[in-house]
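Reader: I have a model with two chains on my screen. Please take me through how the chains meet, and justify each term.

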Amino acid sequence: MESKVFRIALAGNPNCGKTTIFNRLTGTRQHVGNYPGVTVERKTGVCRIGDFRAEIIDLPGIYSLSSSSPEEKVAFQELLNDDIDLILNVIDAGNAQRNMYLTTQLTELDIPMLLAFNMIDDAEKQGLVFDFGKLEQFFGAPIVKTIGSSGVGLEELKSAICAIRDNPSPQRPVKPKYGPKTDEAIRALTAGIAALNLPETRRIPARYFAIKVLEDDPAICSRPGFEPFCREAGEWRRQIAARNGINSRTLMADVRYGVIAGACREAITISSDRRRQLSDVIDKYVTNRFLGVPIFLLMMYLVFEFTFTLGQFPMDYLEMFFGWLGESVTAIWPAGHGEFLRRLIVEGIIGGVGGVLVFLPNILFLFLAIAILEGTGYMARAAFVMDGFMHMFGLHGKSFIPMLIGFGCSVPAVMATRTIDNESDRRTTIMVVPFISCGARLPIYSMLIPAFFALKYQALVMWILYLIGLVVALGCALALKSTLFKGEGEVFVMELPPYRLPTLRSILILMWEKTSLYLQKAGTLILLASIILFVINTFPEKSDYSKDYDAAIEQVQNSSLAEAEKTMAVSTLEAERKGEALEYSIAGRIGKGLETVMKPIGFDWRVSSALIGAFAAKELFVAQLGILYSVGDSEAAEGTLQRALRNSYTPLQGFCIMLFCLLTVPCVATMAVVRRESNSWKFMFGQILLFTVIAYTITLIVFQTGSLLNIGTSISAPEETAVVESAGIGAAR
Amino acid sequence: MSNNVISSSLEDYLEAIAEIIETKGHAHTKDIAERLQVKMPSVTNALQALSVRGLINYQSHSPVVLTSRGAEMAAVIRHRHSVLKSFFSGLLKLEEKEADETACKIEHVIGETVLSRLVVLIEAIAGREDCASLRDFLETTMPRVKTEVAEGELANVIPLNELPIGQSAVVVQVDENLRGVKKFADLGLVPGTLLQVEGHAPFGDLLRIKVMGSSLSLRSRDAAFICVKLT
């Protein structure tokens with residue numbers, strides 16, 4: 001029926017319960033995207049109100065409509081560009097004075113407005129009594145009392161929206177008066193700007209721009225045509241500041257808070273002095289100078305355990321399922337037909353989908369934990385407690401959580417950076433977090449360390465590797481923060497919201513949202529990359545091998561060897577064939593092509609080829625190396641491979657291989673989420689470049705220094721050569 | 001706006017040019033920049049503005065010359081300055097430097113009538129015989145008034161980072177040089193706001209304050225820019 005969708009912009013301070021109201025109104029009919037160029041989320045949803053459909057745009061939580069943060073910038077852009085019919089301003093009733101600061105700015109946009117005094121129950125418990133009649137008059141907007149968590153007032157909210165929609169000329173908000181001199185300045189600037197007849201003043205009144213110019217808002221002042229007014233505004237500012245005895249730079253904030261204080265004195269009274277006592281009591285312990293850190297570490301331990309230990313069970317099942325699926329397809333596939341298609345489906349697609357889904361339990365559990373931490377308000381405390389430490393490396397207190405999760409897996413770790421509000425801190429954290437040694441690198445260490453190092457040094461080497469990862473991550477963060485991601489004039493002020501019990505609904509919606517985002521955006525990219533890597537590792541297919549393996553295997557089968565020896569010999573032959581095929585493939589060729597480049601860091605073509613294969617997932621490095629050393633993939637093969645490695649590489653080379661694996665580009669899945677979270681291809685390729693350069697440089701330094709000083713440069717363990725030879729590998733030669 | 005009215009900063013420039021010409025014989029852009037402690041481009045801008053208004057003759061690379069109108073205007077401004085300065089130093093007994101600075105601030109906003117009457121007042125108190133006892137009174141009382149008031153005020157006004165935990169205070173002034181001063185203002189840290197320090201972070205320099213019903217954390221070194229008065 002209706003020709004046009006009714007568009008509602010949901011605006012409010014951070015922690016005012018805006019998202020709860022949004023979830024109440026839209027349910028799961030939400031669409032989450034990103035604003036171009038920044039990592040700020042853009043959330044929209046559809047809601048049926050009465051007999052019409054409304055589109056609700058959930059603006060990011062902001063304190064002000066200036067342009068001091070990306071959130072504020074996109075919020076303003078949204079209000080400027082989109083045809084907004086109504087602003088629904090959610091106000092934390094318990095903190096109305098501060099929340100109404102944004103409201104005064106919203107009134108200046110001259111868009112019909114509806115105010116929701118949210119968490120009214122909390123405010124009443126604090127002893128606040130509101131005169132809503134006076135407040136409605138003051139802002140020129142109807143007010144509805146709501147309790148987002150229980151849904152009280154939602155129906156009233158909807159009918160208030162209906163009333164505004166059905167009114168052909170809805171009430172416009174009242175523009176506050178800021179005092180004689182200030183109003184005079186606003187009038188003069190408005191007249192000048194209106195005379196320009198700019199396209200942007202068609203929707204948003206010139207007066208709004210005049211006020212922004214008077215505030216010296218950089219984003220407005222840099223608009224074409226505004227320059228002369230900015231100079232004029234400078235003069236006005238000086239006069240107003242001199243007259244009122246206030247700072248010229250914060251002039252509008254001063255007069256706005258002045259106006260609000262006046263309104264509050266008239267419309268809000270405090271009947272008793274009971275203020276969020278429980279919250280303060282909890283904080284006495286949680287942010288305590290002595291208990292704060294231990295409590296934080298305990299919480300982090302729980303989050304880590306929750307994400308990875310609990311997440312391990314479904315992960316195992318998922319892996320089993322995909323393994324079974326691959327085998328089943330192979331089993332029912334008609335033998336000898338479309339061998340390529342079978343391998344593409346089993347190894348490329350099923351393997352790829354499995355590779356995507358395998359992270360799902362971790363992400364689900366992590367975001368459940370994060371939703372609880374954020375919903376209760378602990379996250380801000382964690383940042384408060386850890387800030388002193390993280391600040392030494394130019395990072396935010398909230399960067400600690402992604403760093404910690406990074407020890408488990410880089411994929412959820414990168415996604416966890418969402419909790420960092422500051423754009424440059426967030427980008428820095430995303431950039432360095434994959435340096436942290438993740439769980440998938442562990443199989444590499446546990447294969448290579450025992451191969452090259454005596455038992456008493458093994459733990460030390462492992463510890464050194466983890467430490468290097470951490471040091472490089474923090475060092476890079478420091479370097480990036482003081483160069484590339486230097487925050488422009490940004491400051492650290494963070495609100496610590498009162499503790500609240502999060503609703504199950506909001507936690508579930510958040511989990512659902514993150515998971516579906518991961519599957520849609522990152523998942524498709526991971527799948528695509530997995531297929532490409534499959535092709536690289538498989539093609540071109542080798543048709544004539546150095547010997548006839550089928551015949552050789554048949555010969556073994558028909559020989560008089562014992563059953564166990566037969567299996568052993570067959571698997572060795574199969575592995576040899578695979579090795580030849582991999583050597584012939586694109587990956588093998590690239591590995592060989594890179595030989596001259598990789599030689600200075602002590603790598604031969606086998607290691608390079610294995611690294612290319614390992615880009616699909618770090619733990620594949622071991623399997624790839626196994627194939628290239630013609631070792632089957634049975635349990636017993638581990639020892640064989642270790643012996644083969646020991647006889648081919650020096651301990652220094654072994655260490656360098658691990659070092660390179662630690663520092664190089666993590667895996668396609670990580671890159672895919674980085675692309676998604678940073679919202680930029682440039683950022684992702686920049687990260688690949690950074691990781692490659694750093695891994696190469698550090699490994700080069702270590703290898704060359706080690707070679708020069710003759711540390712670990714001799715191939716060891718000659719007493720085991722006999723065993724190796726009997727196994728029929730002879731890689732030592 | 002008529003051509004006769006110029007902004008206070010331009011008045012400062014005109015005054016400076018006149019004084020430099022008087023002491024050195026000629027005024028170069030560099031001298032002006034040094035004297036007013038501003039950057040060269042600002043001086044160039046100001047000189048262009050003054051030149052447009054016909055108050056100076058200005059060509060780059062040659063000294064600045066005052067036009068007759070400029071000289072006249074400079075004389076008026078300097079007269080105002082000296083009157084005000086003598087009021088502050090002669091009657092209010094302020095130190096030379098403070099008198100000078102205060103005069104600088106006031107000279108741009110004070111009208112001619114007020115100034116003329118002030119001259120009469122100063123001359124009367126300084127010269128008339130029936131004011132002798134008043135002169136003595138000012139001589140002895142004024143210096144004491146200043147110190148007493150200042151000490152009383154200063155004891156109560158401290159930077160926010162020195163405010164003890166649990167103590168309530170009102171923001172008196174926020175230094176404009178505070179990085180991100182607008183952001184702090186947006187969050188309610190403007191003169192007149194009541195606040196309370198809730199505590200410090202375990203390590204590092206984070207401070208936690210309660211402002212208008214919400215807890216904010218900020219760095220101590222930023223808090224040092226915010227002056228509060230104990231309540």
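Author: What follows covers the contact between chain A and chain B.
This is a predicted model: local features need pLDDT of at least 70, side-chain atom pairs count only at pLDDT 80 or more, and totals for chains, interfaces and linings use all residues. Residues are numbered from 1 along each chain as its sequence is written, chains are lettered from A and ligands numbered from 1 in the order in which they are written, and side-chain values use heavy atoms, leaving out hydrogens and water.

Reader: How do you know that chain A is in contact with chain B?

Author: Contact means heavy atoms within 4.5 Å. By that rule, 44 residues of chain A are in contact with 38 residues of chain B.

Reader: Why is the link between D387(A) and R219(B) called a salt bridge?

Author: The term needs a side-chain nitrogen of Lys or Arg within 4 Å of a carboxyl oxygen of Asp or Glu. The N to O distance here is 2.6 Å, so the pair qualifies. The count between the two chains is two salt bridges.

Reader: What makes β10(A) and β7(B) a strand pair?

Author: Strands are DSSP runs of E, at least two residues, numbered from the N terminus. Two strands pair if DSSP finds at least two bridges between them. β10(A) and β7(B), residues 214-219 of chain B, have four bridges, so they pair, in the antiparallel sense. M494(A) has S217(B) as its bridge partner in β7(B).
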